[in-house]
Amino acid sequence: MSAQIFSRTANAYLRVSLIAIPLLLGGIIAALIGLYLSPWYTEAGVAKAQPIAFSHAHHVSQLKIDCRYCHNTVERAATAGFPATETCMSCHSQVWTTSPLLQPVRDSYQNNTPIIWNRIYDLPAFVYFNHSIHVAKGVGCTTCHGQIQTMALTAKAQPLYMGWCLGCHRDPAQNIRPRDQIFNVDYDVQSLPLAERQQLVVDYKIPTDGRLTNCYTCHR
Amino acid sequence: MTNAIPNRVLTRLLWLPLLLILSACHIDMYDQAKYKPNQPSDFFQDGRAMRAPVPNTVALGSFRPDSALATGKLNGELVTDLPPEITLNASLLAHGQIVFNAYCAPCHGLAGDGQGVIANRGPLVVPSYHTDRLRTMAVGYFFDVATNGINRMYGYGARITAEDRWAVVAYIRALQLSQNANVKALPPDDQTKVKAGQ
């Protein structure tokens with residue numbers, strides 16, 4: 001009689017592992033997806049420390065300064081840009097001139113050294129993005145950047161995944177607003193009836209023939 | 001035996017393909033070896049990827065000392081008229097209002113009375129536009145101040161295009177008119193122009 005190769009318990013091991021291994025694999029994949037979507041990875045909603053405690057809540061909602069005062073290329077160029085030190089100094093050479101919080105600004109101005117802000121929104125280098133077209137076609141700042149007027153330190157409003165860009169490019173009518181409301185941070189896109197938003201899409205000549213979702217629109 | 005490695009060893013290495021999961025993390029296409037606007041740089045000494053013009057040079061085509069559009073002056077004199085490239089009409093004034101409200105109103109106030117939010121906050125005293133001196137001042141003066149600044153006010157030439165600055169100037173004239181309906185105080189050609197624009 002030949003020796004027994006499998007013990008009796010082997011059957012039980014097999015049955016358990018038939019269930020356990022797929023469960024484990026599924027679990028690993030689910031965990032990775034969860035990680036991919038979690039704020040820990042995407043940094044959405046997480047305020048970043050900055051070299052100067054600059055507050056949009058302060059400057060935008062209390063002082064009512066327009067976005068363009070500081071991000072002045074947003075209507076004309078691909079990038080909105082960060083304000084030059086001189087832009088801060090146009091006010092802070094006169095107001096709060098002794099605040100220790102503003103010492104880095106004054107140093108930067110005197111020594112002609114740049115202030116290096118920590119980037120919050122940063123697309124991969126293989127994605128082409130352009131602010132001016134969105135601003136010209138009725139997509140407001142808060143649609144993409146969230147309620148920035150409430151942020152003491154700036155945080156990402158959403159992770160900038162491709163699916164999010166595509167979602168709007170497929171159906172822009174959901175997020176279009178009149179051109180004179182682009183910089184209005186308190187404007188609610190839904191306050192305009194859908195029919196009127198669809199009319200705006202026609203008025204602004206936004207292509208709805210699928211051109212906007214072609215890969216080469218954003219990967220060129 | 002044909003197999004050099006026993007099957008038992010192979011079986012033990014079955015978990016190795018799982019390592020492939022880790023390999024999805026390379027980022028060379030995310031952060032490509034090129035500069036994008038506003039990036040820091042460790043190549044240039046001042047740490048900026050965006051380069052400032054070399055001292056004592058100007059960009060080709062940007063140096064127009066004899067153009068009223070670019071300087072607000074003709075032959076060294078402040079112009080009293082909008083330059084010919086700018087046509088005064090309702091849309092110019094509407095655009096001027098947008099630019100004024102964004103760039104000038106924080107200090108000068110929405111009505112140009114020097115009572116903006118910043119002026120109300122701190123020690124910054126901002127003059128009103130509604131004085132006899134400024135009402136009769138040549139338009140070129142406003143353009144020059146908007147471009148190069150004056151005393152404590154910084155210049156906005158780098159941030160606002162020349163055309164937009166002229167729109168602001170036209171709007172300031174309209175503001176002055178709105179606060180002081182005494183049209184006679186304006187130069188005659190401005191009078192007709194502002195009337196036509198409104």
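**Close-ups of a pocket and a chain interface**

**View 1. Helices from chain A and chain B both help line the second largest pocket.** In this predicted model, chain A brings in helix H3 (56-62), helix H4 (67-70) and helix H7 (131-136), while chain B brings in helix H3 (90-103) and helix H4 (105-108). Each of these helices puts at least two residues into the lining. The largest share, seven residues, comes from H3(B).

**View 2. Here's the middle of that second largest pocket, which has a volume of about 970 Å³.** Its lining runs to 40 residues, and the closest to the centre are A:Asp66, A:Arg68 and A:Phe183, along with B:Asn101 and B:Ala102. What mix of residues lines the second largest pocket? You'll find 18 nonpolar residues, twelve polar and ten charged.

**View 3. Now for the place where chain B meets chain A, with about 2700 Å² of area buried between them.** Carbon and sulfur atoms give 60% of that buried area. On the chain B side, H3 and helix H5 (117-121) each chip in at least two residues that touch chain A. That side of chain B splits into 17 nonpolar, six polar and seven charged residues.

**View 4. Zooming in on the pairings, 30 residues of chain B are in contact with 32 residues of chain A.** How many residue pairs are in polar contact between chain B and chain A? The count is nine, with both partners at pLDDT 80 or more. Don't go hunting for salt bridges between chain B and chain A, though: the count is zero.

Technical notes:
Residues numbered from 1 in each chain as written. Chains lettered and ligands numbered in written order. Predicted model: local features only at pLDDT ≥ 70, side-chain atom pairs only at ≥ 80, totals over all residues. Heavy atoms only, no water. 1 Å grid on protein atoms, 1.4 Å probe; cavity = no way out; pocket = protein on both sides within 12 Å on 5 of 7 lines; lining within 4 Å. Points joined across faces, edges and corners; volume = space filled by probe spheres on them. Helix = DSSP H or I, 4+ residues; strand = E, 2+ residues; numbered from the N terminus. Nonpolar A, V, L, I, M, F, W, Y, C, P; charged D, E, K, R; others polar. Contact = heavy atoms within 4.5 Å. Buried area = accessible area lost by both parts, 1.4 Å probe. Salt bridge = Lys/Arg side-chain N within 4 Å of Asp/Glu carboxyl O. Polar contact = N/O pair within 3.5 Å; in protein donor to acceptor, adjacent residues only side chain to side chain.
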